Amino acid sequence: MNQREYWDKAAGEKEFTVTFPFEAWEGYIDRNSRILDVGCGYGRTLNELYQKGYHNLTGMDFSGEMIRRGKRQFPCLDLRIMEEGILDLPDESVDAVLLFAVLTCIRENEKQHGLLKEIRRVVKPGGVILISDFLMNSDERNRARYQRDEEKFGMYGVFELPEGAVVRHHTKEWIRELTGEWREVLFQETVHRTMNGHTSNGVCYIGQKPL
């Protein structure tokens, strides 16, 4: 099962769980800003923003089933199907990009770099990116998964879930390398609850595109 097939299947049964860091966010973006959620799923995060008065919102996801669910559940939102890694928007056309638990679904370094390059293209100078994602864990359950699948996927930290999805947990150093062209304004370690009810180390990162 490839990633698109997995997320199309998961669209009818999964609930996203990563919380939105409103306290950190509100210092950098106002309610008139144009906000793009890349890998928006069914639009849960955008709906949270909508309820708080942010209405210039667009969501993109490569799972057609996720987008169709979102249109049914949150008809107020502008949700669009995207080609993997491609944002159908003009250069420097958005004020902020959200990237919530998206990097964890991309195991290859080059594809992560490619997505960050595409995001940087569409963000205005002075605009921001908010990344909320999963970091490496040192508990026995996660270490066993990392070790089990390291040879299969060629990277420690990449592993396959029982239902077929392949995910990646990151080092702090990798997140900083990946975002090296942004000016770091927040790097906060946190704990996320996963879709399967577990907890994982996480990171909340805000970066600003240089003027």
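Biologist: Axes here are lines fitted to C-alpha atoms, for helices over the stretch in contact, and the angle between two N-to-C directions runs from 0 to 180 degrees. In this predicted model, at about what angle to β3 does helix α4 run?

Modeller: Helix α4 covers residues 64–73, and it lies across two strands, β2 and β3. Taking β3 as the reference, the helix runs at about 160°.

Biologist: Helix α3 lies across strands too, so to speak; at about what angle does α3 run to β2?

Modeller: The strands that α3 lies across are β1, β2, β3 and β4. Measuring sticks aside, the computed direction of α3 relative to β2 is about 175°.Biologist: Which residues of α3 are buried?

Modeller: Helix α3 spans residues 44–51, and what covers its buried residues includes α2 (22–25), β1 (35–38), β2 (57–61), β3 (78–81) and β4 (94–100). Counted as buried, with under 20% relative accessible area, are Arg44, Thr45, Leu46, Asn47 and Leu49.

Biologist: Which glycine takes a positive phi just after α3?

Modeller: The phi in question is about 100°, and it belongs to a residue just after helix α3. That residue is glycine 53.

Biologist: Which strands are the edge strands of the open sheet?

Modeller: The sheet has 7 strands with mixed pairing, in the order β3-β2-β1-β4-β5-β9-β8. An edge strand pairs on one side only, and this holds for β3 and β8.

Biologist: Which residue in β9 is the bridge partner of phenylalanine 187?

Modeller: Strand β8 covers residues 183–193, and 10 bridges join β8 to β9 (residues 199–208), the two strands running antiparallel. Within β9, the bridge partner of phenylalanine 187 is tyrosine 205.

Technical notes:
Residues are numbered from 1 along each chain as its sequence is written. This is a predicted model: local features need pLDDT of at least 70, side-chain atom pairs count only at pLDDT 80 or more; totals for chains, interfaces and linings use all residues. Side-chain values use heavy atoms; hydrogens and water are left out. Buried means under 20% relative accessible area, exposed over 50%, partly exposed in between (1.4 Å probe, protein chains only). Helices (H or I, at least four residues) and strands (E, at least two) are DSSP runs, numbered from the N terminus. Contact means heavy atoms within 4.5 Å. Two strands pair if DSSP finds at least two bridges between them.
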